[in-house]
Amino acid sequence: MTDAVLFDARQDGIAILTINRPDTRNALSREVREGLFAAWERFERDDSLRIAILTGSGDKAFCAGGDLKEMVERGLQVPPRDMFPMPYDNIELSKPTIAAVNGVAFAGGWMIAQACDLCVASTAAKFAITEVKVGRGSPWAAPLIHMIPQRIMMEIILTGKPITAQRAYEIGLVNRLAEPAALLDTAIELAKEVLEGAPLSVKAGRETVMLSTEMGRSAALQAARAAHEYTYCSADAQEGPRAFAEKRKPQWQGR
């Protein structure tokens, strides 16, 4: 871990990962990429951490994308699949994640925000897939079709023009908006709402959403039943109804 990416392991089970290069608009330089890979791995290994929030330092940029100067110096053509840290793609994660977008999320910045399960955005944030402006590509944007309508996706990719946080919220890319000063608190509030659920139920629920985006109806139903079987047979599945009947807060064990 380097100071390019800060890692805050909170006592409440929330990890906060912060890209800490505001002077370069938190661009995905080599040190930032390495820091993110290490931070995500640390989050996944730590059983006390159940959800992560990814954000950026400063109020100007969440992440401005790849380091174009580095790309030129390397003569980069097709990026290696392991070059950019992509949660649930080239980074294996079994826990939910939230992007807290505090400023511009352009190109690779949009990419890593899109890869997270949920997204909270500052009202001052802007989103753009700018690759057409610099002759690069955005194959990572393919899953976006499961989040926003086709015509809107087409316009965003073909024009490369930014959209506001409000527009991102309206089309379904963003879950919640917050005033800039309240962004992290809003993301933490959303994380805590997720943490109120039984860990195994949350895990199976997340798997169900992902299965549903990749399969037809019948196949997704069958796969989802299998994904939830362990949850139904867990101690927490007995604890939840018991706590409800006894009018108390459930004590989740994650088993």
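# Pocket, cores and a few residues to look at

The largest pocket here comes in at about 800 Å³ in volume. Of the 31 residues lining it, Gln114, Ala115, Cys116, Met147 and Met210 sit closest to the centre. Keep in mind that this is a predicted model. Below is a quick tour of the pocket, the nonpolar cores and some individual residues.

**The pocket lining**

- Three elements each give two or more residues to the lining of the largest pocket: helix H3 (108–115), strand E7 (118–122) and helix H8 (199–214).
- By residue class, the lining of the largest pocket splits into 21 nonpolar, five polar and five charged residues.

**The nonpolar cores**

- The largest nonpolar core counts 50 residues, and Trp40, Leu54, Phe62, Val101, Trp110 and Phe127 have the most contacts inside it.
- Another core, of 14 residues, lies apart from that one, with Ile53, Ile98, Ala100 and Ala187 among its members.

**Ala100, in the 14-residue core**

- Ala100 belongs to strand E5 (residues 97–101).
- With a relative accessibility of 0%, Ala100 falls under the 20% cut-off, so it counts as buried.
- Leaving out residues up to four places away in sequence, Ala100 touches Ile53, Leu54, Thr55, Gly56, Phe62, Val120, Leu183 and Ala187. Of these, Ile53 and Ala187 are also named in the 14-residue core, while Leu54 and Phe62 are named in the 50-residue one.
- From Ala100 to Ser29 it's 71 residues along the sequence and 20 Å in space, C-alpha to C-alpha.

**Ala191, on helix H7**

- Ala191 is found in helix H7 (residues 183–195), and it is buried because its relative accessibility is 0%.
- Setting aside neighbours within four places in sequence, Ala191 is in contact with Ile14, Ile51, Ile53 and Ile98. Two of these, Ile53 and Ile98, are named members of the 14-residue core.
- Ala191 and Ile145 are 46 residues apart along the chain, and their C-alpha atoms are separated by 25 Å.

**Ser122, on strand E7**

- Ser122 sits in strand E7, one of the elements that give two or more residues to the pocket lining.
- Ser122 has 1% relative accessibility, so this polar side chain counts as buried.
- The Ser122 side chain reaches the backbone nitrogen of Ala124 at 3.0 Å.
- Not counting residues up to four places away in sequence, Ser122 touches Val101, Asn102, Ala165, Ala178, Pro180 and Leu183.

**Two positive phi values**

- Most residues other than glycine have a negative phi, which makes the next two worth a look.
- Asn26 isn't a glycine, yet its phi is positive at about 55 degrees. You'll find Asn26 in the loop between strand E2 (14–19) and helix H1 (30–45). Despite that loop setting, Asn26 counts as buried because its relative accessibility is 0%.
- Lys247, also not a glycine, has a positive phi near 55 degrees. Lys247 lies in the segment after helix H10 (236–245). Its relative accessible area is 79%, so Lys247 is exposed.

**Gln222, on helix H9**

- Gln222 lies in helix H9 (residues 217–232). At 59% relative accessibility it is over the 50% cut-off, so Gln222 counts as exposed.
- Gln222 and Ser201 are 21 residues apart in sequence and 17 Å apart C-alpha to C-alpha.

Definitions and conventions:
Residues numbered from 1 in each chain as written. Predicted model: local features only at pLDDT ≥ 70, side-chain atom pairs only at ≥ 80, totals over all residues. Heavy atoms only, no water. 1 Å grid on protein atoms, 1.4 Å probe; cavity = no way out; pocket = protein on both sides within 12 Å on 5 of 7 lines; lining within 4 Å. Points joined across faces, edges and corners; volume = space filled by probe spheres on them. Helix = DSSP H or I, 4+ residues; strand = E, 2+ residues; numbered from the N terminus. Core = buried A, V, L, I, M, F, W, Y, C linked by side-chain atoms within 4.5 Å. Buried < 20%, exposed > 50% of the residue type's maximum accessible area, 1.4 Å probe, protein only. Polar contact = N/O pair within 3.5 Å; in protein donor to acceptor, adjacent residues only side chain to side chain. Contact = heavy atoms within 4.5 Å.
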